[in-house]
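Colleague: I'd like a close look at one part of this model, with whatever sits around it. Could you walk me through it once the structure is up?

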Amino acid sequence: MSSSKRAASESGAKQKTDTRWSPVQYQKFSDHRLRPALELLSRVPLEAPKVTFDLGCGTGNVTRLMAERWPEAKVFGLDSSKQMLEKAKAGGGKVEWIEADVSSWTPGAGPDLIYSNATLHWVKDHRSLFPKLASFLNPGGCLAVQMPLSFDAPSHRLMRETLDGGGKDGRSLGTSVLRKAVARRWVENTDVYYDLLADRVRQLDIWETEYLHVLEGEDPVFEWVKATGLRPVVNGLKGGELERFVEIYRRRLRQAYPQRANGKTLYPFPRLFIVALV
Ligand SMILES: C[S@@+](CC[C@H](N)C(=O)[O-])C[C@H]1O[C@@H](n2cnc3c(N)ncnc32)[C@H](O)[C@@H]1O
């Protein structure tokens, strides 16, 4: 991009990164992605919640499981992506699907469960978001959240480094808005969540788990992040800049995550779990 065009595109005060989701790409590793979602759901100790919300329900795989586990409950699946919701609706289930943004969402009916898997790291300002979500719950209700702790993983560090110096003569790629968005540390330190919730809830369980995903195929870590953390980059870079980024980033990923002799690639992936009962 020429510098004048870049300056123009960076000047819009309301400029946002493009957060379109691709259900097909996201479901490529559905078995790996489902496991933490199910582990979180299995730690929800409610017997018969009446109203449950799945925030950032995506294609609705877990929302449908909620409806099966609690057939008497009113189950809502909420997401801001039309594409994800279309796929969710097509999958059926006794679920009411809602298109909304979590950051401005308030529930109509008091929820007994607010569940959110692999979504809240896309929503800013956790210091106000988490107390707000807990305050929505009915007495006895549960807030159950899982978020990736991959900010410092090579896959995400290399993304930032390639944007910062991957251009010709070591110049940066993309707009400063894009680089800033990708460089945002999206999950706070674990103790911050403890301090945000401890005085507001009667029981709080916070833990981290590192999964060792054994992936198959060519450049599987690239394919993995393409569905999630890399989306703003893939959607935001154009033409030659995107090609250059992809070439350098793929090469660096291959070095950081080498294919084993048996053709598989290991991708260690840490995640944070929070289960709070009010
Ligand atoms: C990584 S997917 C997780 C989907 C699902 N929870 C799962 O575990 O399979 C993240 C989802 O969060 C949604 N999302 C991201 N930001 C959101 C927001 N601010 N409000 C509502 N949904 C959001 C995306 O559209 C996407 O469907």
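In S5, which residue is the bridge partner of Ser116?

Modeller: That partner is Val145. Keep in mind that this is a predicted model, so everything below is computed from predicted coordinates.

Let's start with the strand that Ser116 belongs to. S4 covers residues 113-117, and five of the five are buried, so the strand is largely enclosed by the rest of the structure. The cut-off behind that word is a relative accessible area under 20%. Look at the two faces in turn: Leu113, Tyr115 and Asn117 sit on one side, with Ile114 and Ser116 on the other. Both faces are covered.

Now the strands it pairs with. S5, residues 142-148, runs parallel to S4, and five bridges join the two; the Ser116 and Val145 pairing belongs here. S4 also pairs with S1, residues 51-55, again in the parallel sense, over three bridges. There, Phe53 stands opposite Ile114.

How does the chain get from S4 to S5? Helix H6, residues 126-136, goes with them, and S4, H6 and S5 make a right-handed β-α-β unit. In the loop between S4 and H6 you'll find Ala118. Have a look at its backbone: Ala118 has a positive phi of about 55°, although it is not a glycine. At 15% relative accessibility, Ala118 counts as buried.

There's another residue with that kind of backbone angle, if you want a contrast in setting. Asp169 is not a glycine either, and its phi is positive at about 55°. Asp169 is in the loop between helix H7 (154-165) and helix H8 (176-183). With 75% relative accessibility, Asp169 counts as exposed, whereas Ala118 is buried.

Back to S1, on to its own surroundings. S1 is mostly covered, with five of its five residues buried. Val51, Phe53 and Leu55 point one way from the strand, while Thr52 and Asp54 point the other way. Besides S4, S1 pairs with S2, residues 74-79, in the parallel sense over five bridges. One pairing to pick out there is Leu55, which stands opposite Leu78 in S2. S1, helix H4 (residues 61-69) and S2 make a right-handed β-α-β unit, and you've already met a right-handed one in S4, H6 and S5.

That brings us to the ligand. It has 17 residues around it, and those that come nearest are Gly56, Asp79, Asp101, Val102 and Asn117. Asn117 you know from S4, where it is buried on one of the two sides. For Asp79, an N or O atom in the side chain is 2.5 Å from an oxygen atom of the ligand. Asp101 puts a polar side-chain atom 2.9 Å from a ligand nitrogen. Ser80 takes part through its backbone: an N or O atom there lies 3.2 Å from a nitrogen atom of the ligand. The ligand on its own has 600 Å² of accessible area, and the protein covers 93% of that.

One last stop, further along the chain. Tyr257 lies in the loop between helix H12 (239-256) and strand S7 (265-277), and at 8% relative accessibility it counts as buried. Leaving aside neighbours within four places in sequence, Tyr257 is in contact with several residues, including Ala153, Pro154, Ser155 and Val221.

Methods
Residues numbered from 1 in each chain as written. Predicted model: local features only at pLDDT ≥ 70, side-chain atom pairs only at ≥ 80, totals over all residues. Heavy atoms only, no water. Buried < 20%, exposed > 50% of the residue type's maximum accessible area, 1.4 Å probe, protein only. Helix = DSSP H or I, 4+ residues; strand = E, 2+ residues; numbered from the N terminus. Pairing = 2+ DSSP bridges. Right-handed = clockwise from strand over helix to strand, strands pointing away. Contact = heavy atoms within 4.5 Å. Near = heavy atom within 4 Å. Polar contact = N/O pair within 3.5 Å; in protein donor to acceptor, adjacent residues only side chain to side chain. Areas by Shrake-Rupley, 256 points an atom, 1.4 Å probe, with all protein chains shown as cover.
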